[in-house]
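Biologist: Could we go through this model together, one question at a time, and could you show me the reasoning that leads to each answer?

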Number of protein chains: 2
Amino acid sequence: MVRPTVHDIARHAGVSLATVDRVLNARPGVRKQTVARVEEAIRAIGYVRDQGAANLARRRVYRFAFLLPDGQSRFVGTILSALEEARESQLTDRVMLEVCHVPVHDPHALAATLVALGAGKVDGVAVMAPESPQVRDAVARLRRGGTPVVALVADQPQSDRDHFVGIDNDAAGRTAARLMGRFLPPSGGPVLVVASSIRARDSLERRFGFDSLIGTEFPAVHCLPTLEAHDDPQRMAAILQNAFAARSDIVGVYSLSTGNGALIDALREKGRLARLVVIAHELTPLTRAALLAGELDAIITQNTGHLVRSAIRVLQARCDGREILASQERIRIEIILRENLP
Amino acid sequence: MVRPTVHDIARHAGVSLATVDRVLNARPGVRKQTVARVEEAIRAIGYVRDQGAANLARRRVYRFAFLLPDGQSRFVGTILSALEEARESQLTDRVMLEVCHVPVHDPHALAATLVALGAGKVDGVAVMAPESPQVRDAVARLRRGGTPVVALVADQPQSDRDHFVGIDNDAAGRTAARLMGRFLPPSGGPVLVVASSIRARDSLERRFGFDSLIGTEFPAVHCLPTLEAHDDPQRMAAILQNAFAARSDIVGVYSLSTGNGALIDALREKGRLARLVVIAHELTPLTRAALLAGELDAIITQNTGHLVRSAIRVLQARCDGREILASQERIRIEIILRENLP
DNA sequence: TTGTATGCGTTATCAT
DNA sequence: ATGATAACGCATACAA
């Protein structure tokens, strides 16, 4: 009925509490035979540690750092509010959250920040940054130093990060494609694909997923080459100007990364919104408003609250040497229409 | 830096630990003035109780009962697996989960089970059942007895349940309608609406939401009266037979409650699936397979893992007299296509 | 009405 | 190499 405790182990193995603790926490100074006896007892009575009591005795606090891109991205803004919200939750009773803003396109600065964090300054790191050799190496160094690292939103596939907290971007692109294909009339037509920068791995994956599904399932739809606005509103306006001048028969727009504000503004100005199917990523105050106004047809997104809570839970589990509950940490690709807006 | 403890309160207020504890837990036997002094101290130093330590000292265990409809519903099956999964999670370290299966259409049995649970047998109840006066009263009795109650999946709006864990079914119906309207060609046509029973409040709400959005936004689409199969495969086959005989121009099917197995089987038999837009509720092994097979175009669902974890967290918070984190407990209306299947 | 002392399950600091 | 014992933050039986 009641869970066995360290006392039960001690009694069962005929040793003292201190010895039990030593083997439980893999501390030295115990004879091999004794270790075996204790481990046997643990298995025999089915002991499982009360992590809460352990943290109490240890006065454990988890210091986690979130490395986020600087700049005024709306999406990062929603992550920041989610972090703020997590601070007030039960979840963060013993965790201290620190946010580091780092220049996105400076891999060296990124790596330096990561490495600096490694010197016992924090107990775990969540990093949202484009893939780069520098970051990969820094993550490896952190991990070797015993600091758990999770990749947030954008994976660091070749590094040995402990976990990726985010969605499958290929599948997200395919999801967008399915919606685009089905929202468009059967006659199809050319679809514009815009991105802030196609260099980012997640943009590439989304584009790839989008193209491949359109290609196989909606032959009447034709994907135009990716236009890159580099998060510059002026550039975005000019790019769209050119695109629509070149082809007046465009039927849809897929925006696969940030910069939705500029995109929507530009489209609105052209008075083209009503006749286009427009699909974008990430639910922010801006895309929410556009969806409500009927300027956006659908949003593909990931729940940022879930994102940060999951990162925290995973880091904590790694610190404790626990397993995670996979299904709880699986971030879902969400489709948001006006009707199911949270 | 470190959080203040009961000792700090005691020192600040010039009283003993026991007195602090008495006012913290609203126990009698403390002079009004003393209470005020302690409360002042609590505010002054910004004390917030360490719930983990409290539970440890108290050897607290939370016994929660989940009342679920009996029968072999696939949806209830996924809830059961979610409960099973929760049992292995960190979340249930101190919680014991009990499942009661009750006949859905016997309000008296339902109420009796609820009332029986009230006699200090459990610390909280999650109930998934159709609304009825009997259940409403039983919930009220439980609450008066100090047992927190949450309504699961189906709300008990007139009872004073502590919380509703589930989705807005009107919005879910509207979401289905938006998808139906946009997936159908502009020419529209008649759409079949099938339910196991239209008496259930959630079915009614979905139907209402579906109809109202179709009515205002997709005038070319025409919703036929709801067909009730009462979870009987034979009846479902017969009903569909009649419906298609009466109107050969049906373009879509909206299944707003259970019984998707029978529906899909019947449609497949008629060879009509390829030319219909079919939208159903709840992701189960069955609807998942149908979606993958292209027999279903979209699924509207709610994450059952989230559902049970949320119910547990909310009940626990109520037991502790804590507030919940609203955003974490908001169940989302999820749209699942083949591409974003979890 | 208020205070003292002990215990919850675990860790960690001393001794031995 | 091992054991006794005092914390951790909180609750509570028992005294006063």
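Modeller: Let us begin with a term: a polar contact is a pair of N or O atoms within 3.5 Å. Please keep in mind that this is a predicted model.

Biologist: Which side chain has an N or O atom 2.7 Å from a phosphate oxygen of DNA strand C?

Modeller: A distance of 2.7 Å between such atoms falls within the 3.5 Å cut-off, so the pair counts as a polar contact. The residue is also listed among those that come nearest to DNA strand C, together with A:Val6, A:Tyr47, B:Ser16 and B:Arg22. The side chain in question belongs to B:Thr34.

Biologist: How far from a phosphate oxygen of DNA strand C is the backbone N or O atom of B:Arg31?

Modeller: Phosphate oxygens of DNA strand C are approached by side chains, as with A:Arg27, where an N or O atom of the side chain is 2.9 Å away. With B:Arg31, it is a backbone N or O atom that lies by a phosphate oxygen of this strand, and the distance is 2.8 Å.

Biologist: What share of the atoms of DNA strand C within 4 Å of the protein is sugar and phosphate?

Modeller: There are 26 residues around DNA strand C, and by class they are eleven nonpolar, seven polar and eight charged. Among the atoms of DNA strand C that come within 4 Å of the protein, sugar and phosphate account for 68%.

Biologist: Which helix gives the most residues to the surface near DNA strand C?

Modeller: Several helices each supply at least two residues of this surface, namely α1 (6–13), α2 and α4 of chain A, together with α2 (17–24) and α4 of chain B. The one that gives the most does so with four residues, and this helix is α4(A).

Biologist: Turning to the other strand, which helix gives the most to the surface near DNA strand D?

Modeller: Here the helices that each supply at least two residues are α2 (17–24) and α4 (51–58) of chain A, together with α4 (51–58) of chain B. The surface as a whole divides into ten nonpolar, seven polar and eight charged residues. The greatest contribution, four residues, comes from α4(B).

Biologist: Which residue has a backbone N or O atom 3.4 Å from a base nitrogen of DNA strand D?

Modeller: Some atoms of the protein lie by phosphate oxygens of DNA strand D: a polar side-chain atom of A:Thr19 is 3.0 Å from one, and a polar backbone atom of B:Asp50 is 3.1 Å from one. The partner in your question is a base nitrogen instead, and the residue whose backbone atom lies 3.4 Å from it is B:Ala53.

Biologist: Away from the DNA, why does the pair formed by A:Phe183 and B:Phe183 count as tilted?

Modeller: The ring centres are 6.1 Å apart, which is within the 6.5 Å needed for a pair. Planes under 30 degrees apart would count as stacked and those over 60 as edge-to-face, so the pair is tilted because its planes stand at 55 degrees.

Biologist: What does this pair of rings join?

Modeller: A:Phe183 lies in helix α8 (residues 169–183) of chain A, while B:Phe183 lies in helix α8 (residues 169–183) of chain B. Because the partners sit in these separate helices, the pair joins two chains.

Biologist: Is A:Phe183 buried or exposed, and which residue lies over the face of its ring?

Modeller: With a relative accessible area of 6%, A:Phe183 falls under the 20% limit and is therefore buried. A:Arg182 lies over the face of B:Phe183, at 4.3 Å from the ring centre. Over the face of A:Phe183, also at 4.3 Å from the ring centre, lies B:Arg182.

Biologist: Is B:Arg199 buried or exposed?

Modeller: B:Arg199 lies in the loop between β6 (189–195) and α9 (201–217) of chain B, and beyond its neighbours within four places in sequence it is in contact with B:His105 and B:Leu204. Since its relative accessibility is 62% and the limit is over 50%, B:Arg199 counts as exposed.

Biologist: Finally, which side chain makes a polar contact with that of A:Glu295?

Modeller: A:Glu295 is found in the loop between α12 (285–292) and β10 (298–301) of chain A, and it is buried, with a relative accessible area of 14%. Its side chain makes a polar contact at 2.8 Å, and the partner is the side chain of A:Arg268.

Methods. Residues are numbered from 1 along each chain as its sequence is written. Chains are lettered from A and ligands numbered from 1 in the order in which they are written. This is a predicted model: local features need pLDDT of at least 70, side-chain atom pairs count only at pLDDT 80 or more; totals for chains, interfaces and linings use all residues. Side-chain values use heavy atoms; hydrogens and water are left out. A polar contact is a pair of N or O atoms within 3.5 Å; within protein, one must be able to donate a hydrogen and the other to accept it, and residues adjacent in sequence count only if both atoms are side-chain atoms. Ala, Val, Leu, Ile, Met, Phe, Trp, Tyr, Cys and Pro count as nonpolar, Asp, Glu, Lys and Arg as charged, and the others, Gly among them, as polar. Rings of Phe, Tyr and Trp (its six-membered ring) pair if their centres lie within 6.5 Å; planes under 30 degrees apart count as stacked, over 60 as edge-to-face and the rest as tilted. Buried means under 20% relative accessible area, exposed over 50%, partly exposed in between (1.4 Å probe, protein chains only). A charge sits over a ring if NZ of Lys or CZ of Arg is within 6 Å of the ring centre and within 35 degrees of the ring normal. A residue is near a molecule or strand if one of its heavy atoms lies within 4 Å of it. Contact means heavy atoms within 4.5 Å.
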